[in-house]
Structures are given as C-alpha cells and as structure tokens.
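Here's a predicted model to poke at. Let's go through a few of the labels used for its helices and see what backs them up.

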Amino acid sequence: AAKGFTHIIQWDIDSDDWKGISADAITQKVLLGAHNGAIVLFHCSAPHTFEALPAIIDTLRGRGYELVTVSGLLKGDRRFVDVPVGTAASTAIDRVVEEGYMSGYNRDWFGPEDPIRRAQFAKVAVNVAGLHTDQVEFDAATFFDVPRLTDETGGVRAYPFDYVEEAVAAGIIRGSEKDGRRVFQPDSSLTRLQLARMMARMMRSFKGYPEALPGTVVQFRDVPPDASNDVQLLAGLGVMRGYSAGYFQVEAKATRGQVAVVVGRYLDLPAY
C-alpha cells in the first residue's frame, strides 16, 4: 500500500482456460457463472482462450451486460478510483476537474497523494486565472530549461512553454538563477512554500488583496522572512494551513489533492 498498490483484485469466475480445455468448455463455464459485477479470470498463455472470447463477448452483450475495466468496476459512482467520496479533497477534486482546471491521469485515476510538478502547477495557475490562449504568443524563452519546442507538424508545443511564459508575464512565477542562466526547474516537485508564494501573487494580482492583511499575524517557525507576508496572507484567509507545533512544512512536496483544495478555496475567495 505504501508503494501505491491500494487494492487487492480477486476474481469470482475462473474460466479454467489454463487447464487446456476447449473453447466451448471455456465459453460455457464463463456464461454459466456470469452476473453483474463479476470479474472473469483468463490467462494469456492458455491455448484456446482467444477462440472462446468472441462467443463470450457477444453472448454477454446480448444479455445486456457491459464489459468494463477493473478500475471502472471499482470506482462505481465515483469520478476516480483513488479519491474517496465525502471528503473536502474529493469535493475539491471533482470541482477542479469539472471546471477544467485540473485533470486525472486518465478517466479512472487522479493521484491525489502524488506530488505535483512545477510546470504542472504553472498550467493549473494559468487556467485558474483565465490567462491561457489557444495561440502561442511568445517567441523567446524566459528560462533555459523551458525551451520553445515544436511538434511533428512544426507547431509550437503549448505545454509547458506557453503556460510557463503566460505565468511569467502575469507575475505568478519567477524562477531562479543557476550557472548564470534563468531556470524554472519544470520537472521538480512543487513545495508547499512555493505553492503559497505563487497563490499569494495570484490573490494580489487577480483578487486585489494587499501585501499583508491588516491585523493578521500567523507565525510559523520554518517560514523564511521574505516569504512571511505570502504565507500569512494565505493562512489568515484559510487558503492554506500549517501543521502542529507552529510549522508550515515549507519543503514538503505539495500533492495534487492539496493543490485541488487550495485552488478551490482560492476560487471561493471574494475580491478584496
């Protein structure tokens, strides 16, 4: 489970194809046990399974059954298999996916506990701020490690270049210097402090919030002085929160689920 394997998958119809039985015998065994929600076990190495499958599939569909993936079966009415229902995170994830600000890895998996990369968050931030345009408007790259690349048709790839440049132009991201070059480190995991600083810039630029909220003092032991106003702004408004013993955990990786929650809270903030 610690490695991400959170489900144990068993079956309730054993085709016995591995025993070398005929295609007709396999077909009859599967159809006899078929019921809604069943998982059927086949083996790629069995000699007659491929011969049995057409009749099995046609008959099951003729009876009104739908063939689905195991992930699709497990998630039921949920949007994603790995997002439990009834939590603040699930509500936020459903919202940001529904509104097009974030997406899952596919239709079944979101990866709420996975760290989000800096380039991925730049795309989320630009989408949330409504800054992205279909046409790539930038010719030169701000960062050495986010070049302007083209696809096989000669068109400029929008991700990550265009999203990063749109975020730079809006003042959401700034990058850093390395070996005399400006870099963004697009594939590095976004930290909680970086998330807080980028969100604070968005709150000031797009919602009119001040540098610091009057009368609001939220102290964290691990927040550097130059980021104090950013973190206090978010913490004072409840957009992000700290942990026990007065720590913000500035170097902890921001997860995809956490970003969905923070984005949801940002969207609900009234203009200042």
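Q: Which residues of H6 are buried, and what makes them count as buried?
A: In this predicted model, they are Phe161, Asp162, Tyr163, Val164, Glu165, Glu166 and Ala167. The label needs under 20% relative accessible area, so each of these residues falls below that mark. H5 is part of what covers them.

Q: How do you know that H5 meets H6?
A: Contact means heavy atoms within 4.5 Å, and on the H5 side Ala119, Gln120, Ala122, Lys123, Val126 and Asn127 make contact. Their partners in H6 are Tyr159, Pro160, Tyr163, Val164, Glu166 and Ala167. Sorted by class, that contact has eight nonpolar, two polar and two charged residues.

Q: Why are H5 and H6 called oblique?
A: Helix H5 (residues 118-129) and helix H6 (residues 158-169) pack at about 55 degrees, their axes 8 Å apart. Roughly parallel would take an angle under 35 degrees, and roughly perpendicular starts at 65. The angle fits neither, so the pair is oblique. The crossing of H5 over H6 is left-handed.

Q: What makes H5 and H7 roughly parallel?
A: H5 and helix H7 (residues 192-207) pack at about 20 degrees, with axes 12 Å apart. Anything under 35 degrees counts as roughly parallel, so the label holds. H5 passes H7 in a right-handed crossing.

Q: Which residues of H5 meet H7?
A: Arg118, Phe121, Ala125, Val128 and Ala129 do, against Gln194, Leu195, Met198, Met199, Met202 and Phe206 in H7. By class, that's nine nonpolar, one polar and one charged.

Definitions and conventions. Residues are numbered from 1 along each chain as its sequence is written. This is a predicted model: local features need pLDDT of at least 70, side-chain atom pairs count only at pLDDT 80 or more; totals for chains, interfaces and linings use all residues. Side-chain values use heavy atoms; hydrogens and water are left out. Axes are lines fitted to C-alpha atoms, for helices over the stretch in contact, and angles run from 0 to 180 degrees between N-to-C directions. Helices (H or I, at least four residues) and strands (E, at least two) are DSSP runs, numbered from the N terminus. Angles under 35 degrees count as roughly parallel, over 145 as roughly antiparallel, 65 to 115 as roughly perpendicular and the rest as oblique. A crossing is left-handed if the near helix is turned anticlockwise from the far one by less than a right angle, and right-handed if clockwise. Ala, Val, Leu, Ile, Met, Phe, Trp, Tyr, Cys and Pro count as nonpolar, Asp, Glu, Lys and Arg as charged, and the others, Gly among them, as polar. Buried means under 20% relative accessible area, exposed over 50%, partly exposed in between (1.4 Å probe, protein chains only).
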